[in-house]
Structures are given as structure tokens and as C-alpha cells.
Amino acid sequence: MTDVSALKPGSTIGIFGSGQLGRMLTTSAAELGLKTHIYSDVTGPACDVAAENTIASYTDFEAIKSFAKSVDVITFEFENVPLDAVKVAADYARLSPDVRALEVAQDRFIEKSFMAELGIPVAPFANIESKSDLAVAEKITGFPAFLKTRRLGYDGKGQARVTTPQDLQHAYVELGEPAAVLEGHMHFEQEVSVLAVRGSDGAVAFYDLPQNTHKNGILNTSRVPSTVPADVIPGAHDIAHKIADALNYVGLLAVELFVMPEGAANRLLVNEIAPRVHNSGHWTQDACQVSQFENHIRAVAGWPLGATDRHSAAVMTNLIGQDANDWARLAAQPGASLHLYGKRQARPGRKMGHITEIFPRTPQTKAKT
Ligand SMILES: Nc1ncnc2c1ncn2[C@@H]1O[C@H](COP(=O)(O)OP(=O)(O)O)[C@@H](O)[C@H]1O
Ligand SMILES: [Mg+2]
């Protein structure tokens, strides 16, 4: 446990990545009198709002060194920052979360093996290094199964659902024969995520679990309260707590879970983790006293965590591609908060913004009768 002294207002938080998550982290930091400095290899939505930006390659170690020296702590808004770059930064600044969290989250095989070591259930899975591993893998998972690249997949990219050995062969070639995992298709009741925040003193707080739906492999909606049974919630918290402690994690950690039907060998399976703020937590901006973004900033700044209590029910819907062209109508919608990321091009599948509808609060779950 590393209890660090709190950064004073006016301090600067370095953020790797320039996307919308960095933008929302930056505006939350600003609310607390803190500044951010973005490091990314591309100009993105965060650059419009940050106090400072460094746009340079992740292999430009000199640029990384000066960035790290210029900030008071470094955090991440995306997990795929090359580890070599992260390690250079770690020589000059404190990292929250630490390298290990990224290492685990960057590679689906390491991630699943890490869960297995902690005794946390995941879908049956197999590592694939080459075509010759496919036959053994399909025996472990059965069909249907999901073939996923070990690295760099997101929003359903780098994966395929396969139903036969021929299908699997074909999909593996289509993906370019990468290092991959095959995992069994889980017939879950619903998908939820745990949004846990861990402070530098090891204190952990949880938001209510959002229930998530996906469209074309991309998160579509997150709603609270979820319909997850009350008796499942403590187990979900335990899983996230265990992961956060094992990583000596500081910041907001998201754990995507499959909720399996009653009677299944394991009621909860971890799908994947995100060592950062998460799309399924965007509703916290409008339905909680302190959002996931502010709590992440508080944690990495060594501040006390803020209240995660939810004062409203909420449905967050992502605005993908052309959806955001409807901004004028959406902005006029009663009871809804519109958030746009300021991206100039509305490419298909691109996250352009989100809208959160707010309703009177109902509790997370009803007790069983
Ligand atoms: N093993 C599985 N069984 C059933 N559905 C799955 C499985 N793996 C992925 N999915 C579905 O695909 C979505 C995206 O997969 P995920 O592994 O989370 O990739 P991404 O990194 O793109 O979010 C999941 O949220 C879930 O809806
Ligand atoms: Mg996912």
C-alpha cells in the first residue's frame, strides 16, 4: 500500500492518450483546480481542453522523459500505451495505476491467466500462437466460441464468433493469424460492469453496477439500476476488490462481467478489465455526486475518494457515427444531458458522444421475496 501525499491544487496530472476519456478526466480535474498534460501520438478530443499537450511518438523516449519530468503524476486514458514507453515514464514520475495493470489489460491471455491465478472464474479459454493450436483450443472451449486477438482489440474489433472448425480456421486466417485466444460463448443472462475506485491508501468504493447492452460489438446502453439479483452484487464487488488489491491499483478500475443464469457453476465470469475510466460509467457524471472521472482524478492525486452514491436512475446511450448529427434534437430532450466529444469526423462506429437520461432514483435491487 502506497499512501502518497496529496497533490495540491494547481498541480499537473499527465495523461497518456488523447481521446474522449482524457477529455472528461481533464474537465473533472479542472473542477478540482488541477491541470492536465496530455501525451499522445495523435491529436484528439482531450487536446482541446488540456492545459498542455505533447504530440509525439510512443517511441520518442526523450519526449516521454520531458513529459514525465513536467508532471506530478501520470495516469492513462487508454491501456494500449506501449510498455517500453510506460517504463521510461516510470523512471521520472509516479504512475497510477502501475505498469502491471496495463500489462495485464493489454493482453487477453495474460489477463485471463491472471484471473485464473486469483481464483476468479472466466469463460473456458485457450491460447493460440499459430494455426496448429486451433484443434486443441476448440476442444477446450467447444462451439460456438469467440476468437479474439490477444492484443489491441476494442469495440468488438479483432474478434469473431465462430461455430465450426472450418469457421474457426477461416476466421483465424482473416484476422491475420495473430497471437489469439479462443473462448467459449457464454450464454449469460446479462452483462454488468463493476466500477471500483481505489485510493492511494487502499480504500475502495463502488458505484452501482450498470447493466450493459452492445450493438455491433460496441457498447450501446448502460443503465442503473441493473436488474442483477441482489445476492449477486457482493460477489461482483469481491471480484473487483481482489483484482484491485492484487494490482495495488490506484484509480478507477472497470471489470466487465457476464452474469450467468441461476444454477450455473459460476454465477459471475470476468470478461475483461479496463485499467481506466470506462464507457459503462459515463452515467456517473449525471447520476452521482462524484463521477468516475472525478474519482479517478482524486485517487491518482492522492485525495480522499468522493461519494459514489447514485441520486438518480439513469440510462446512458452512446452516440455512434452519424447519431451525433441529431445533436440539436438531443440537446432539447427533457431530462437528458448531452455530452459531445468535439470529434470533427463522424466515421461509422466512432464514439462521438453520449446522452444520459435521468429518472427518479430507484434502489439498485429489490430484496428477494
Ligand atoms: N465469450 C463470450 N461469450 C459471449 N459473449 C461474448 C464473449 N466474448 C465477448 N462477448 C460479447 O462481445 C462483447 C465485446 O467483447 P469484449 O471481449 O469485451 O471485447 P472489446 O474489447 O471489444 O470490448 C462483450 O461485451 C459481449 O457482449
Ligand atoms: Mg469489452
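Which residues come nearest to ligand 1? Here are a few notes on that and on the sheets, and please keep in mind that this is a predicted model.

1. **The ligand shell.** To take the opening question: Ala 123, Phe 146, Glu 183, His 185 and Met 186 come nearest, out of the 16 residues around ligand 1. Two elements give two or more residues to this shell, namely strand 6 (145-149) and strand 14 (268-274).

2. **Make-up of the shell.** If you are thinking about the chemistry around ligand 1, the shell divides by class into six charged, six polar and four nonpolar residues. As for where the shell comes from, domain 2 (124-184) and domain 3 (190-360) each supply at least three residues.

3. **The parallel sheet.** Now to a sheet of four strands, which is open, has parallel pairing and follows the order 3-2-1-4. At its edges are strand 3 (52-55) and strand 4 (73-76), each of which pairs on one side only. On average, neighbouring strands in this sheet are turned by 25° against each other, with direction ignored.

4. **Strands 2 and 3.** Within that sheet, four bridges link strand 2 (residues 35-40) to strand 3 in the parallel sense. For a spot to look at in your viewer, try Ser 40, which has Ile 55 of strand 3 standing opposite.

5. **Helices on the sheet.** Helix 1 (residues 20-31) lies across strand 1 (12-16) and strand 2, and the angle at which helix 1 runs to strand 2 is about 165°. Helix 2 (residues 61-70) also packs on the sheet, where it touches strand 1, strand 2, strand 3 and strand 4. The direction of helix 2 makes about 170° with that of strand 2.

6. **Strands 9 and 11.** Further along the chain, strand 9 (residues 190-198) and strand 11 (residues 211-215) run antiparallel and are joined by two bridges. Val 192 has Gln 211, in strand 11, as its bridge partner.

7. **The hairpin.** Strand 11 also pairs with strand 12 (residues 218-224), in the antiparallel sense and over five bridges. Here His 214 stands opposite Leu 219 of strand 12. What phi does Asn 216 take in this hairpin? The value is positive, near 50°, and the hairpin has two residues between its strands. If you like checking backbone torsions, Asn 216 would be a nice residue to pull up.

Terms used:
Residues numbered from 1 in each chain as written. Chains lettered and ligands numbered in written order. Predicted model: local features only at pLDDT ≥ 70, side-chain atom pairs only at ≥ 80, totals over all residues. Pairing = 2+ DSSP bridges. Axes fitted to C-alpha atoms, helices over the stretch in contact; angles between N-to-C directions. Contact = placed C-beta atoms within 7 Å. Near = placed C-beta within 6 Å. Nonpolar A, V, L, I, M, F, W, Y, C, P; charged D, E, K, R; others polar. Domains from an automatic or database assignment.
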